[in-house]
Structures are given as C-alpha cells and as structure tokens.
Amino acid sequence: MQDNQTTPALLHQLRQLGVRIVLDDFGTGYGSLSYLRSFPFDKVKLDRGLIAQAARAPNAAALVEAIIGLAGKLGMTTLAEGVESAQQLDWMRAHGCTEAQGFFFGAGVPAAKIEPMLALGAPRQAA
C-alpha cells in the first residue's frame, strides 16, 4: 500500500486474472478513504471495533452507515467483522451490509476440522 505508483497497476492486473481484492479492517490503520478511490477493491471488511461501537455510539453508527453506502455506490460489497449477536446482524442488514462474520455464526476452527464439519452437513448418499 505504500507504493502508490506500482500497487494500483498490480492490483488491476490481478483483478483481470479473476482475483478478488478485499480491503481488510477498514476503519483502522491503512483504511483511508483515498484507498477506496485509488485501488480496485471488490469488498470492504469493516473492522470489528467499529461494528461493536455501532450499536451504542451514534457517531460510530453514522460512520458505518456512510462506509456501507459509499462502498455500495463504488460497486463494492461490505462485510461486517465481529458480529456477535442477532441484534448486531439485524442492524447490519437493515443498513445494507451484504455479508457478516463473527462468533454469532460460530467460533473459528482449525483447518483440519473443516472437512469433517462439511461432511456432517452434506446430504447422505443412499446405500
């Protein structure tokens, strides 16, 4: 992100190959509005800290709403990180957020446990 000459061109090349580009932890660190304009992002992941504050702090809620609206107008999907309750999920849906992740859906698991979990949910084959 520091090389503003080379990085956009490289990201555009990757996107032409079919790679989707995601801006992670938007609302902290490198999450500048200028990045939304300069780089070809497909998705913006809203930082969990911002999501936690949105339900109880009007200024955080206004910021989340604005980011969701801006991302939508720029053709990007939005993902709320750190959704921990049905109330948070409902709030994010009501304000146009397109995706969510967090403990409300389940705790993280090691990669080795994913295949057995998927097998449990897979349709049974008739013998």
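This passage describes the packing, backbone and surface of a predicted model.

The core is considered first. The largest nonpolar core holds 25 residues. Leu-36, Phe-41, Val-44, Leu-46, Val-64 and Met-92 touch the most other members. Two or more residues come from each of strand 1, helix 2 (33-38), strand 2, helix 3, helix 4 and helix 5. Helix 4 gives the most, with five residues. In soluble globular proteins, nonpolar side chains tend to be buried together. Val-64 touches Leu-46, Leu-50, Ala-54, Trp-91 and Met-92, with residues up to four places away in sequence not counted.

Helix 5 spans residues 86-94, and Gln-88, Leu-89, Trp-91 and Met-92 are buried there. These four lie on the same side of helix 5, because they cover an arc of only 160° around the axis. The other side of helix 5 carries Gln-87, Arg-93 and Ala-94, which are exposed. The buried residues of helix 5 pack against five elements: strand 2 (43-46), helix 3 (48-54), helix 4 (58-73), strand 3 (77-80) and strand 4 (99-100). Gly-96 follows helix 5 and has a positive phi, near 95°.

A second positive phi belongs to a residue of another kind. Most residues other than glycine have a negative phi. Asp-25 is not a glycine, yet its phi is positive, at about 55°. Asp-25 lies in strand 1, which covers residues 22-26. Asp-25 is partly exposed, since its relative accessible area is 29% and the partly exposed class runs between 20% and 50%.

Asp-25 is also among the contacts of Lys-45. Lys-45 is part of strand 2. Despite its charged side chain type, Lys-45 counts as buried, because its relative accessibility is 16% and the limit for burial is under 20%. Its neighbours within four places in sequence are left aside in what follows. Lys-45 is in contact with Val-22, Leu-23, Asp-24, Asp-25 and Phe-26. Leu-79, Glu-81 and Gln-101 are further contacts of Lys-45.

Nonpolar residues also appear at the surface. Val-109, Ile-114, Met-117 and Leu-118 make a nonpolar surface patch of about 370 Å². Met-117 lies in helix 6, which spans residues 114-121. Met-117 has a relative accessible area of 48%, so this residue is partly exposed. Patch residues need over 30% relative accessible area, and Met-117 meets that cut-off at 48%.

Conventions:
Residues numbered from 1 in each chain as written. Predicted model: local features only at pLDDT ≥ 70, side-chain atom pairs only at ≥ 80, totals over all residues. Heavy atoms only, no water. Patch = residues over 30% accessible without salt bridge, like charges linked within 9 Å, V, L, I, M, F, W, Y side chains within 5 Å. Areas by Shrake-Rupley, 256 points an atom, 1.4 Å probe, with all protein chains shown as cover. Salt bridge = Lys/Arg side-chain N within 4 Å of Asp/Glu carboxyl O. Buried < 20%, exposed > 50% of the residue type's maximum accessible area, 1.4 Å probe, protein only. Arc of directions from axis to C-beta. Contact = heavy atoms within 4.5 Å. Core = buried A, V, L, I, M, F, W, Y, C linked by side-chain atoms within 4.5 Å.
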